[in-house]
Amino acid sequence: MVYDDQNIFARILRGELPAIKVYEDDQVLAFMDIMPQAEGHTLVIPKTPAVTLLDLAPEAAAYTIQIVQKVAQAIETALGAQGIVLMQLSGASAGQTVPHVHFHLIPSSVHELGKHAVQMGDQDKIKAQAEQIKSALEAL
Ligand code: AMP
């Protein structure tokens, strides 16, 4: 699929838009979802340009999943989450709204999920959760 380098996450990766980051290395970025479906809703994205999971090189997918696992561990520890919904929407038909591949980590239950990307969260509260997750990541 053709990659639009003006999509929101590409702009976050270039530093053109702000993000509440919890983890970054040379291949992956993890940051808080601005319209969370639950407290602690975090997104993990590979830095390589790819629209859907199917466009992502297997090596990049494998590395991104390692970070997904690490961030999930930190969310569990930091926020006392009992379970985490790992969601990945590939394609607009599946409901994908930002055309840069990403993994949602939502500390919730599939039965409790809120509406997808509709309501801005309390940014101060989200920043506080990010600090908790960052501390837990550093302790891993
Ligand atoms: P999807 O519909 O799977 O593409 O998910 C995109 C996610 O990105 C949604 O959960 C949105 O709330 C979230 N989102 C959109 N814009 C931003 C942004 N600027 N910073 C953080 N999260 C965002």
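In this predicted model, helix 1 (8-13) and strand 2 (28-32) each put at least two residues into the shell around the ligand. Helix 1 gives the largest share of that shell, with three residues. Sorted by class, the shell has eleven nonpolar residues, six polar ones and one charged one. It is made up of 18 residues around the ligand, and those that come nearest are Asp33, Thr97, His102, His104 and His116.

As for where the ligand sits, the space it takes up is the largest pocket. The backbone gets involved here too. On the nitrogen side, a ligand nitrogen atom lies 3.2 Å from a backbone N or O atom of isoleucine 34. Ligand oxygen also comes into play: one pairing puts an oxygen atom of the ligand 3.3 Å from a polar backbone atom of glycine 95. In another pairing, a polar backbone atom of valine 98 is 2.9 Å from an oxygen atom of the ligand. As for cover, the ligand has 510 Å² of accessible area on its own, and the protein covers 94% of that.

Stepping back to the chain, the UniProt record, an unreviewed entry, places the feature "domain: HIT" at residues 8-115. Over residues 8-115, helix accounts for 26% of the chain and strand for 19%. The C-alpha atoms at the two ends of this stretch are 20 Å apart. Helix 1, at 8-13, and strand 2, at 28-32, are the elements already met above as suppliers of the ligand shell.

Notes
Residues numbered from 1 in each chain as written. Predicted model: local features only at pLDDT ≥ 70, side-chain atom pairs only at ≥ 80, totals over all residues. Heavy atoms only, no water. Near = heavy atom within 4 Å. Polar contact = N/O pair within 3.5 Å; in protein donor to acceptor, adjacent residues only side chain to side chain. Areas by Shrake-Rupley, 256 points an atom, 1.4 Å probe, with all protein chains shown as cover. 1 Å grid on protein atoms, 1.4 Å probe; cavity = no way out; pocket = protein on both sides within 12 Å on 5 of 7 lines; lining within 4 Å. Sits in = over half its atoms within 2 Å of the grid points. Helix = DSSP H or I, 4+ residues; strand = E, 2+ residues; numbered from the N terminus. Nonpolar A, V, L, I, M, F, W, Y, C, P; charged D, E, K, R; others polar. UniProt positions renumbered as here; feature names shortened; annotations may be inferred.
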